[in-house]
Amino acid sequence: MSWSDMEKFEGYIFTALCSTNFLISCLLFSKITREQREPYMDEVFHIPQAQKYCHGKFNEWDPMITTLPGLYLASVGVIKPVVWLADLTGKVVCSTAMLRFVNLLFNCGNLYLLYLIICKLHLREKTRTAARRVLSALSLSTFPVLYFFNFLYYTDAGSTFFVLFTYLMTLYGCHKASALLGVCSVLFRQTNIIWVAFCAGTLVAGKMDEAWRTEQTKKRDDKPPSFQIPLSVGGAKKVMLFTLEFLTSPGHVKAVLLVAWPYAAVGVGFLAFVALNDGIVVGDRTSHEACLNFPQLFYFFSFALFFSLPASLCYYRVLRFLQALKKQPFFYLLLTGVCLLLVWKFTHVHKYLLADNRHFPFYVWKRLFQRHELVRFLLVPAYVFAGWNFLDSLKSRSLFWSLAFLVCLLAATVPQKLLEFRYFIVPYLMYRVHMPLPSLPRLVVEFLLYTAVNAATLYIFISKTFHWPDSAATQRFMW
């Protein structure tokens with residue numbers, strides 16, 4: 001079979017899987033919408049607001065909504081042409097079901113974007129990894145936390161779509177288009193400005209890697225330069241001095257700005273918005289106050305370890321971790337001490353986490369962290385391993401790319417007071433697509449894990465309803 005035939009065959013397989021995925025999602029959508037016809041949870045704010053936009057009332061705004069109107073504008077942009085073409089009238093126009101269906105379309109887009117990003121990132125392995133690329137994309141499009149919210153009118157599917165689209169354009173070098181799509185992603189969720197910054201950061205990292213490679217080659221003619229994150233004080237100092245030198249060099253700054261200026265323009269625009277709005281959050285700010293919640297990073301590492309378990313963990317990696325402990329015991333003791341300090345001094349608990357028993361994090365917190373006050377400290381060794389596994393999975397990436405990603409990861413997690421698994425969707429997908437492509441058996445296990453979790457969460461949402469003593473409304477469990 002020739003290379004062009006293989007590409008065609010891969011295209012056919014991917015198209016068939018897209019169609020099957022969409023069909024199964026439509027069947028699940030139909031079941032969920034029949035069971036929960038009325039707006040649920042945050043939908044009670046999003047759906048009436050979208051319906052106001054559908055009726056042309058763009059100057060009316062619910063002050064309880066904290067995100068920009070990207071979801072509503074996109075929904076109107078999709079629904080209005082369909083309504084006009086199909087000559088639809090009455091209650092069906094911008095109904096709860098029709099608005100929710102917009103997220104199923106974003107789900108299809110996310111599958112395709114994940115596939116294109118994986119193809120672009122793993123270009124060197126192109127000739128022998130068709131099945132692995134397709135299965136990776138399919139598996140990640142069914143990532144449980146993201147997949148669940150395809151069936152409700154939340155911002156997650158659209159927000160993820162525009163972040164992935166922004167990053168894809170960056171990978172292809174279309175930086176003006178990427179910046180424009182970045183603006184769209186921020187209209188869905190303001191914190192997506194971090195991932196626009198990440199796209200710009202990858203460009204800066206590329207330039208820094210070139211300069212670092214040149215400098216290291218000059219110093220060590222015989223030895224190949226190292227691109228791994230240094231785990232010594234000397235190594236960290238060397239990188240910090242190099243970074244400072246790079247960022248204060250007019251030549252380097254000019255070279256970066258010539259490429260990254262569209263992202264800088266988006267950044268300036270966002271700063272202007274923050275200044276005019278007197279903050280990032282629009283609407284109700286009382287429940288979205290930023291803080292230094294460092295354990296949020298540890299929760300993310302644990303979350304990433306669980307969902308990447310089939311793809312990332314193996315006997316040899318555990319062995320390497322134990323060897324690292326043996327080789328640098330003082331470093332890991334110091335790291336554990338720092339983590340204990342951060343857990344002790346910087347653990348913040350949001351009132352919603354303790355009060356809302358419809359969310360899974362409520363039960364994680366109640367049955368694990370609240371079991372005993374020492375539990376949060378006893379989990380620190382597990383956090384250290386989860387963090388080490390996370391970094392080890394990305395060791396094929398360059399030094400400065402890894403640093404840019406870690407800075408953005410910190411910015412995306414630490415300021416969040418509320419433990420909300422939805423906030424981990426984009427960081428996790430970014431982590432997972434940059435890992436080396438796992439083997440086919442591992443991908444099958446990952447897909448089966450995601451399918452099992454999806455089946456469980458959707459079954460619980462549909463079947464295990466309950467009522468609060470002071471309310472007649474049916475309550476359901478969800479992410």
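Student: Is the disulfide of C54 and C94 left-handed or right-handed?
Tutor: This is a predicted model, and the sulfur atoms of C54 and C94 lie 1.6 Å apart in it. The torsion about their S-S bond is about -55 degrees, so the disulfide is left-handed.

Student: How many residues apart in sequence are the parts that C54 and C94 tie together?
Tutor: C54 belongs to helix 2, residues 43-54. C94 sits in the loop between helix 3 (70-86) and helix 4 (96-121). The pair therefore joins parts whose separation in sequence is 40 residues.

Student: Is C94 buried or exposed?
Tutor: A residue counts as buried when its relative accessible area is under 20%. Its partner C54, at 4% relative accessibility, meets that cut-off and is buried. The relative accessible area of C94 is 1%, so C94 is also buried.

Student: Which cysteine has the sulfur nearest to that of C174, and how far away is it?
Tutor: C174 takes part in no disulfide. A disulfide needs sulfur atoms within 2.5 Å. The nearest cysteine sulfur to C174 is that of C199, at 12 Å.

Student: Why does C291 not bond to the cysteine with the closest sulfur?
Tutor: C291 is buried, at a relative accessible area of 18%. The closest cysteine sulfur is in C339, and it is too far for a bond because the distance is 18 Å.

Student: What distance separates the end C-alpha atoms of helix 14?
Tutor: Helix 14 runs over residues 315-327, which is 13 residues. At 1.5 Å a residue, an expected span of 18 Å follows. The distance between the end C-alpha atoms agrees with this: 18 Å.

Student: What arc do the buried residues R317, F321 and A324 cover around the axis of helix 14?
Tutor: R317, F321 and A324 are buried in helix 14. They are on the same side of the helix, because the arc they cover is only 60 degrees.

Student: Which helices do the buried residues of helix 14 pack against?
Tutor: The face turned away from the buried side of helix 14 carries the exposed residues Y315, Y316 and K326. The buried residues pack against helix 13 (309-312), helix 15 (329-346) and helix 19 (380-393).

Student: Which helix gives the largest share of the largest nonpolar core?
Tutor: That core has 139 residues, and F143, W195 and Y428 have the most contacts inside it. The largest share is 13 residues, and these come from helix 4.

How values were computed. Residues are numbered from 1 along each chain as its sequence is written. This is a predicted model: local features need pLDDT of at least 70, side-chain atom pairs count only at pLDDT 80 or more; totals for chains, interfaces and linings use all residues. Side-chain values use heavy atoms; hydrogens and water are left out. Helices (H or I, at least four residues) and strands (E, at least two) are DSSP runs, numbered from the N terminus. The expected span of a helix is 1.5 Å times one less than its number of residues. Buried means under 20% relative accessible area, exposed over 50%, partly exposed in between (1.4 Å probe, protein chains only). The arc is that of the directions from the helix axis to the C-beta atoms. Contact means heavy atoms within 4.5 Å. A nonpolar core is a set of buried Ala, Val, Leu, Ile, Met, Phe, Trp, Tyr and Cys residues joined through side-chain atoms within 4.5 Å.
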